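This briefing is intended for a reader at the bench who wishes to consult the sequence and the coordinates side by side. Please keep both in view while reading.

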Amino acid sequence: MESAVKRAAQVRELGLDVTVQPPIGWSATTIPDHTAAAYAGQLEELAAALVLWRRLELHSGSGPRSRNLLACVCGCGRRIRVAKATLAEAPILCGACAEPFEVEEDR
């Protein structure tokens, strides 16, 4: 319990309010207006940076991913759907019959 009280004190040092929420413990945390105002500039910068990061993330890569999964079947008739690139990497073996899954149209 002593370590939880110490953590609560550290949270309060940051300007947050924390109270006990039974049965979880010190988890009810709120941001007082004066703390929100003090951090407003930093939060705006972080929000802008996150938007830029997400835009870069969306535009990176070799292009849009295909949503067309291949229907595959194994020797005992179990079926899965898998991306063409994943199937091309290495065989996917059935746990029941140990046969590889193959594109259903090829069978």
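The points below proceed from the whole chain to the sheet, the salt bridge, the cysteines and the surface.

The structure is a predicted model. Its chain contains three helices and five strands, and from the N terminus on these elements follow the order α-β-β-α-β-β-α-β. Three of the strands form an open sheet in the order 4-3-5. A search of the whole structure returns one salt bridge, and the number of disulfides is zero.

**Overall composition**

- The chain has 107 residues, of which buried residues make up 14%.
- The accessible surface of the chain is about 8900 Å², and carbon and sulfur atoms supply 57% of that area.
- Among contacts with a separation of 6 or more, 24% are accounted for by residues 24 or more positions apart.

**The sheet**

- The pairing in the three-stranded sheet is antiparallel, with the strands arranged as 4-3-5. Strand 4 and strand 5 occupy the edges and have a single partner strand each, so one side of each lacks a neighbour in the sheet.
- In general, the strands of a sheet pair through backbone hydrogen bonds, in either a parallel or an antiparallel manner.
- Strand 3, residues 70-73, pairs with strand 4 over four bridges. Within this pairing, R79 of strand 4 is the bridge partner of V73.
- A hairpin is formed by strand 3 and strand 4, with five residues between them. In the turn, G77 has a positive phi of about 95°.
- Strand 3 also pairs with strand 5, in the antiparallel sense and over two bridges. Here C72 stands opposite V103, while V73 stands opposite E102.
- V73 thus has a bridge partner in strand 4, namely R79, and faces E102 in strand 5.

**The salt bridge**

- Which residue forms a salt bridge with E104? The partner is R79, and the closest N and O atoms of the pair are 2.7 Å apart.
- This pair links distant parts of the chain: R79 belongs to strand 4 (residues 79-82), E104 lies in the segment after strand 5 (102-103), and 25 residues separate them.
- Is R79 buried or exposed? R79 counts as exposed because its relative accessibility is 56%, above the cut-off of 50%.
- E104 is partly exposed, as its relative accessible area is 28%.

**The segment after strand 5**

- E105 is likewise located in the segment after strand 5. With a relative accessibility of 73%, E105 counts as exposed.
- E105 and V73 are separated by 32 residues in sequence, and their C-alpha atoms lie 9.4 Å apart in space.

**The cysteines**

- No disulfide is present in the structure.
- C94 takes part in no disulfide; the nearest cysteine sulfur belongs to C74, at a distance of 3.6 Å. A disulfide requires sulfur atoms within 2.5 Å, so a separation of 3.6 Å does not qualify.
- C94 is buried, having a relative accessible area of 4%.
- C72, which stands opposite V103 in strand 5, is also buried, with a relative accessible area of 0%.

**The loop before strand 5**

- A96 is found in the loop between helix 3 (84-89) and strand 5. A96 is exposed, at a relative accessible area of 58%.
- Which residues does A96 touch, leaving aside those up to four places away in sequence? The contacts are with C76 and R78.
- For A96 and R78, the separation in sequence is 18 residues, and the C-alpha to C-alpha distance is 8.7 Å.

**The nonpolar surface patch**

- L14, Y39, L43 and L46 form a nonpolar patch on the surface, and their combined accessible area is about 410 Å².
- Y39, one of the patch residues, has its place in helix 2 (residues 33-59).
- Why is Y39 classed as partly exposed? Its relative accessible area is 39%, and the class covers values between the limits of 20% and 50%.

Terms used:
Residues numbered from 1 in each chain as written. Predicted model: local features only at pLDDT ≥ 70, side-chain atom pairs only at ≥ 80, totals over all residues. Heavy atoms only, no water. Patch = residues over 30% accessible without salt bridge, like charges linked within 9 Å, V, L, I, M, F, W, Y side chains within 5 Å. Areas by Shrake-Rupley, 256 points an atom, 1.4 Å probe, with all protein chains shown as cover. Salt bridge = Lys/Arg side-chain N within 4 Å of Asp/Glu carboxyl O. Buried < 20%, exposed > 50% of the residue type's maximum accessible area, 1.4 Å probe, protein only. Pairing = 2+ DSSP bridges. Contact = heavy atoms within 4.5 Å.
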